[in-house]
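Thanks for coming. Please look at the model on the screen while I go through a few parts of it.

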Amino acid sequence: MDSRTNNSERDCGQNMSKLKVAMIGYGFMGKVHSHAWRSVNKFFPDAPEVEMTVICGRSKDALEKAKEVFGWAEAETDWKKVISRSDIDIVDICTAGDTHEEIAIAALAAGKHVICEKPLANNTQEAFTMAEAARVASKHSIKSMVAFNYRRVPALAVAKQFIESLVAC
């Protein structure tokens, strides 16, 4: 049984009480995502409980500080070790854009659900390669998404409707 099959049985937390998150990157977006992970169950009480399991980054000293400040249980400097862990359900990628492709594809291949911060990729070829990896992973019930944090904001929905009405004219 490969790791995708193992995680697909968990199906993004629907059959489990706690989702274990690994976040790779701890800069500005890592700080923002950490706040979101700490708050998600307050805003969505019916969602599975989230555990901020491990934060990952390159500088051990800065990483340890980020772990404490942001509220993560563990810290690791090797993202490959993080995605190979059997206890991780979701990998949240908050690194520099030039690392997104490699990390996302590896995490999807390891059977992890993936959230990738913007920009998704540096060019269309990287984006297509990542999309194909997500398509293949989705056959194993692995979810992936780009962190478009304003996607569901009501004001943007109204703006979209307005634009669509102009285009229809």
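I will take one helix and then one strand with its partners.

This is a predicted model, in which local features need pLDDT of at least 70, side-chain atom pairs count only at pLDDT 80 or more, and totals for chains, interfaces and linings use all residues. Residues are numbered from 1 along each chain as its sequence is written, and side-chain values use heavy atoms, with hydrogens and water left out.

Helices (H or I, at least four residues) and strands (E, at least two) are DSSP runs, numbered from the N terminus. Helix H6 covers residues 124–138. Its 15 residues should span 21 Å at 1.5 Å a residue, taken times one less than the number of residues, and the end C-alpha atoms are 20 Å apart, which agrees.

Which residues of H6 are buried, meaning under 20% relative accessible area with a 1.4 Å probe and protein chains only? They are Glu126, Met130, Ala133, Ala134 and Ala137. Seen down the axis of H6, with directions taken from the axis to the C-beta atoms, they fall within an arc of 100°, so they line one face of the helix. These buried residues pack against helix H5, strand S5 and strand S6, where contact means heavy atoms within 4.5 Å. The face turned away carries Thr124, Gln125 and Phe128, which are exposed, that is, over 50%.

Now strand S4, residues 90–93. Ile90 and Asp92 point one way, Val91 and Ile93 the other, and all are buried. Four bridges join S4 to S5, and the two run parallel; strands pair if DSSP finds at least two bridges between them. Ile90 stands opposite His113 in S5.
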